[in-house]
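Here are my notes on the model you sent over. I've kept them as numbered points so you can follow along in the viewer.

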Amino acid sequence: AKMSAPTMEERKACWGARDEFWRCLDRHGEGASECEKLRRSFESLCPQQWVKYFDKRRDYLEYKRKLETEGYYPPEAAGKS
(Lines give C-alpha, C1' and ligand atoms only; values in the text may rest on other atoms or scores of the structure.)
Protein backbone atom coordinates (compact mmCIF):
# COMPACT_ATOMS: atom_id res chain seq x y z
CA ALA A 1 0.00 0.00 0.00
CA LYS A 2 1.50 3.31 -1.01
CA MET A 3 1.51 6.08 1.56
CA SER A 4 -0.76 8.97 0.63
CA ALA A 5 0.45 12.49 1.18
CA PRO A 6 -0.96 14.14 4.31
CA THR A 7 -3.83 16.56 3.78
CA MET A 8 -3.40 20.22 4.64
CA GLU A 9 -5.20 19.64 7.97
CA GLU A 10 -2.89 16.71 8.78
CA ARG A 11 0.18 18.78 7.92
CA LYS A 12 -1.02 21.65 10.10
CA ALA A 13 -1.71 19.24 12.98
CA CYS A 14 1.75 17.71 12.56
CA TRP A 15 3.53 21.06 12.47
CA GLY A 16 1.51 22.32 15.43
CA ALA A 17 2.45 19.24 17.47
CA ARG A 18 6.10 19.63 16.44
CA ASP A 19 6.15 23.32 17.42
CA GLU A 20 4.55 22.61 20.79
CA PHE A 21 7.03 19.79 21.45
CA TRP A 22 9.99 21.97 20.43
CA ARG A 23 8.76 24.84 22.64
CA CYS A 24 8.59 22.41 25.55
CA LEU A 25 12.17 21.26 24.87
CA ASP A 26 13.31 24.87 24.66
CA ARG A 27 11.72 25.53 28.05
CA HIS A 28 12.68 22.34 29.88
CA GLY A 29 15.70 21.00 27.98
CA GLU A 30 16.27 17.98 25.75
CA GLY A 31 14.82 14.75 27.08
CA ALA A 32 12.63 16.51 29.67
CA SER A 33 9.93 14.24 31.10
CA GLU A 34 7.48 17.18 30.92
CA CYS A 35 7.67 16.88 27.12
CA GLU A 36 7.03 13.13 26.76
CA LYS A 37 3.28 13.55 26.14
CA LEU A 38 3.97 16.19 23.48
CA ARG A 39 6.54 13.89 21.89
CA ARG A 40 3.98 11.08 21.63
CA SER A 41 1.44 13.49 20.16
CA PHE A 42 4.05 14.72 17.64
CA GLU A 43 4.89 11.11 16.68
CA SER A 44 1.24 10.14 16.29
CA LEU A 45 0.29 13.19 14.20
CA CYS A 46 3.26 13.14 11.84
CA PRO A 47 4.45 10.51 9.34
CA GLN A 48 7.47 8.65 10.74
CA GLN A 49 9.77 10.01 8.00
CA TRP A 50 8.82 13.54 9.01
CA VAL A 51 9.53 12.85 12.67
CA LYS A 52 13.03 11.63 11.70
CA TYR A 53 13.56 14.66 9.49
CA PHE A 54 12.35 17.13 12.13
CA ASP A 55 14.54 15.49 14.80
CA LYS A 56 17.60 15.89 12.55
CA ARG A 57 16.52 19.42 11.68
CA ARG A 58 16.24 20.38 15.35
CA ASP A 59 19.70 18.95 16.08
CA TYR A 60 21.10 20.91 13.15
CA LEU A 61 19.39 24.15 14.20
CA GLU A 62 20.66 23.72 17.78
CA TYR A 63 24.19 23.09 16.47
CA LYS A 64 23.99 26.13 14.21
CA ARG A 65 22.67 28.33 17.04
CA LYS A 66 25.50 27.14 19.28
CA LEU A 67 28.06 27.98 16.61
CA GLU A 68 26.59 31.46 16.21
CA THR A 69 26.51 32.18 19.94
CA GLU A 70 29.64 30.38 21.16
CA GLY A 71 31.78 30.22 18.05
CA TYR A 72 33.58 27.21 16.64
CA TYR A 73 36.27 25.36 18.54
CA PRO A 74 38.09 22.52 16.80
CA PRO A 75 37.51 19.26 18.75
CA GLU A 76 41.21 18.78 19.54
CA ALA A 77 41.33 22.23 21.18
CA ALA A 78 38.30 21.50 23.37
CA GLY A 79 39.13 21.02 27.02
CA LYS A 80 42.66 22.46 26.77
CA SER A 81 43.38 25.87 28.18
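1. Let's start with Cys-14, which sits in helix 1. Bear in mind throughout that this is a predicted model. Cys-14 has a relative accessible area of 1%, and since anything under 20% counts as buried, Cys-14 goes into the buried class. What does Cys-14 touch, once neighbours within four places in sequence are left aside? The list is Phe-42, Leu-45, Cys-46, Trp-50 and Phe-54. There's also a C-alpha to C-alpha separation to note here: Cys-14 and Val-51 are 37 residues apart along the chain, with 9.2 Å between those atoms.

2. Lys-12 belongs to helix 1 too, which spans residues 8-28. Is Lys-12 buried or exposed? Its relative accessible area is 51%, and the exposed class begins over 50%, so Lys-12 counts as exposed. Lys-12 has a sequence-distant partner to look at as well: Cys-46 is 34 residues away in sequence, while the C-alpha atoms are 9.7 Å apart.

3. Now the wider picture. The chain has 3 helices and 0 strands, so to speak an α-α-α run when read from the N terminus. Of its 81 residues, 20% are buried. The accessible surface is about 6,600 Å², and carbon and sulfur atoms account for 54% of that. If you take contacts between residues at least 6 apart in sequence, 59% of them join residues at least 24 apart.

4. Next, how helix 1 packs with helix 3, the latter covering residues 48-70. The angle between them is about 40 degrees and the axes are 12 Å apart. The crossing is right-handed. On the helix 1 side, the contact uses Arg-11, Cys-14, Trp-15, Arg-18, Trp-22, Leu-25 and Asp-26. Helix 3 answers with Trp-50, Phe-54, Arg-57, Arg-58, Leu-61 and Glu-62. How do the residues of this contact divide by type? There are 7 nonpolar and 6 charged residues, with no polar ones.

5. Arg-58 deserves a point of its own. This residue lies in helix 3, and despite being an arginine in name, Arg-58 is classed as buried, with a relative accessible area of 7%. Which residues does Arg-58 touch, not counting those up to four places away in sequence? They are Trp-22, Leu-25, Asp-26 and Glu-30. Trp-22, Leu-25 and Asp-26 also appear in the helix 1 side of the contact with helix 3.

6. Last, the aromatics. The structure holds 6 aromatic pairs. One of them is Phe-21 with Phe-42: the ring centres are 5.7 Å apart and the planes are at 20 degrees, so this pair is stacked. Phe-21 is in helix 1 and Phe-42 in helix 2 (residues 36-45), so the pair ties together parts that are 21 residues apart in sequence. Both partners fall in the buried class: Phe-21 has a relative accessible area of 7%, and Phe-42 comes in at 0%.

7. To finish the aromatic story, one cluster takes in Trp-15, Phe-21, Trp-22, Phe-42, Trp-50, Tyr-53 and Phe-54. Some of these names have come up before: Phe-42, Trp-50 and Phe-54 are among the contacts of Cys-14, and Trp-22 is one of the residues touching Arg-58.

Key. Residues numbered from 1 in each chain as written. Predicted model: local features only at pLDDT ≥ 70, side-chain atom pairs only at ≥ 80, totals over all residues. Heavy atoms only, no water. Helix = DSSP H or I, 4+ residues; strand = E, 2+ residues; numbered from the N terminus. Buried < 20%, exposed > 50% of the residue type's maximum accessible area, 1.4 Å probe, protein only. Axes fitted to C-alpha atoms, helices over the stretch in contact; angles between N-to-C directions. Left-handed = near helix turned anticlockwise from the far one by under 90°. Contact = heavy atoms within 4.5 Å. Nonpolar A, V, L, I, M, F, W, Y, C, P; charged D, E, K, R; others polar. Areas by Shrake-Rupley, 256 points an atom, 1.4 Å probe, with all protein chains shown as cover. Phe/Tyr/Trp six-rings, centres within 6.5 Å; stacked < 30°, edge-to-face > 60°.
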